[in-house]
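These are my notebook entries on a single model. I set down what I looked up, in the order in which I looked.

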Amino acid sequence: MLLISCPNCGPRDETEFHYGGQAHVAYPESPNDLTDREWAEYLFYRENTKGTFAERWVHSTGCRQWFNMLRDTVSYEIHSIYGMGQPRPDLNTSGQSSEPTQPGEFTQAGDFGQAGEPGLAPGAASPTATTPISSEGV
Ligand SMILES: [Zn+2]
């Protein structure tokens, strides 16, 4: 159970909140110029980070305000909570030593398909191909 500090209400139980997905996914500047693939990648493709991840949360049973959270998806440690529209905080300045991956912990060779294209349909772009659409800090 997480204890989440709402920017407006203070520390509240996790059950008062709802997860809102990856933060900082910018709306395309010119959506009409996107191909169907690029539009689908904007809509559906999200990072699946193991480690520190920026995500959106809403205090649904409290003030009903959205905010961003920098959370470790492995340890569930909450590094930072910051407002919508604010840039992702730089953890390097806070002395955090968060190594996102510990080799061999979950990755067993062969379990997740061939390297580079895990779980994607044939011809689908790799998840890293979604990065040009989003721009950080929006
Ligand atoms: Zn609140």
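The entries below go from the metal site to the strands, and then to the charged and aromatic contacts.

**Entry 1: status of the model.** I note at the outset that this is a predicted model.

**Entry 2: zinc site.** I first asked which atoms coordinate the zinc ion. I found the SG atoms of Cys6, Cys9 and Cys63 together with ND1 of His59, at 2.0 to 2.3 Å. I then looked up the angles among the four donor atoms; they run from 103 to 123°, and the site is tetrahedral. Along the chain I read the donor spacing as C-x2-C-x49-H-x3-C. Cys6 belongs to strand β1 (residues 3-6), while His59 sits in the loop between β4 and β5; the two are 53 residues apart, and the pair links distant parts of the chain.

I also checked whether these two donors are buried or exposed. Cys6 has a relative accessible area of 4%, and His59 has one of 0%. I entered Cys6 as buried because its 4% falls under the 20% limit.

**Entry 3: strands β4, β5 and β6.** I turned to the pairing around β5. Seven bridges pair β5 with β4 in the antiparallel sense, and within this pairing I located Arg56 opposite Asn68 of β5. Strand β6 (residues 78-83) also runs antiparallel to β5, joined by five bridges. Met69 has Ile81 in β6 as its bridge partner. Between β5 and β6 the hairpin has five residues, and there I noted a positive phi near 65° for Tyr76. As to exposure, I recorded six of the seven residues of β5 as buried, so that the strand is mostly covered.

**Entry 4: salt bridge.** How many salt bridges does the structure hold? I found one. It is formed by the side chains of Glu55 and Arg71, with 2.4 Å from N to O. Glu55 is part of strand β4 (residues 52-58) and Arg71 is part of strand β5 (residues 66-72), so the contact ties together parts 16 residues apart in sequence. I looked up the burial of both partners: Glu55 and Arg71 are each buried.

**Entry 5: aromatic pairs.** I counted five aromatic pairs. One of them joins Phe17 and Phe67 edge-to-face, at 5.8 Å centre to centre and 85° between the planes. Phe17 lies in the loop between β2 (10-13) and β3 (18-22), and Phe67 lies in strand β5, 50 residues apart. Both rings proved to be buried: Phe17 has 5% relative accessibility, and Phe67 has a relative accessible area of 1%.

I next examined Tyr27 and Trp39, which form an edge-to-face pair at 6.2 Å centre to centre, with 85° between the planes. Tyr27 is in the loop between β3 and α1 (36-44), and Trp39 is in helix α1, twelve residues apart. I entered Tyr27 as exposed at 52% relative accessibility and Trp39 as partly exposed at 31%. Tyr27 and Trp39 form one aromatic cluster with Tyr42.

**Entry 6: charges over rings.** Finally, I asked which charged residue lies over the face of Tyr42. I found Arg46, at 6.0 Å from the ring centre. I recorded a further contact of this kind at Trp66, where the charged end of Arg56 sits over the ring, 5.7 Å from its centre. Arg56 is the residue that I had already entered opposite Asn68 in β5.

Technical notes
Residues are numbered from 1 along each chain as its sequence is written. This is a predicted model: local features need pLDDT of at least 70, side-chain atom pairs count only at pLDDT 80 or more; totals for chains, interfaces and linings use all residues. Side-chain values use heavy atoms; hydrogens and water are left out. A salt bridge is a side-chain nitrogen of Lys or Arg within 4 Å of a carboxyl oxygen of Asp or Glu. Helices (H or I, at least four residues) and strands (E, at least two) are DSSP runs, numbered from the N terminus. Buried means under 20% relative accessible area, exposed over 50%, partly exposed in between (1.4 Å probe, protein chains only). Donors are N, O and S atoms within 2.8 Å of the metal (3.2 Å for Na, K and Ca); water is not among the atoms, so sites may look incomplete. Four donors count as tetrahedral if all angles lie between 85 and 135 degrees; four count as square planar and six as octahedral if opposite donors are over 155 degrees apart and all others between 65 and 115; anything else is irregular. Two strands pair if DSSP finds at least two bridges between them. Rings of Phe, Tyr and Trp (its six-membered ring) pair if their centres lie within 6.5 Å; planes under 30 degrees apart count as stacked, over 60 as edge-to-face and the rest as tilted. A charge sits over a ring if NZ of Lys or CZ of Arg is within 6 Å of the ring centre and within 35 degrees of the ring normal.
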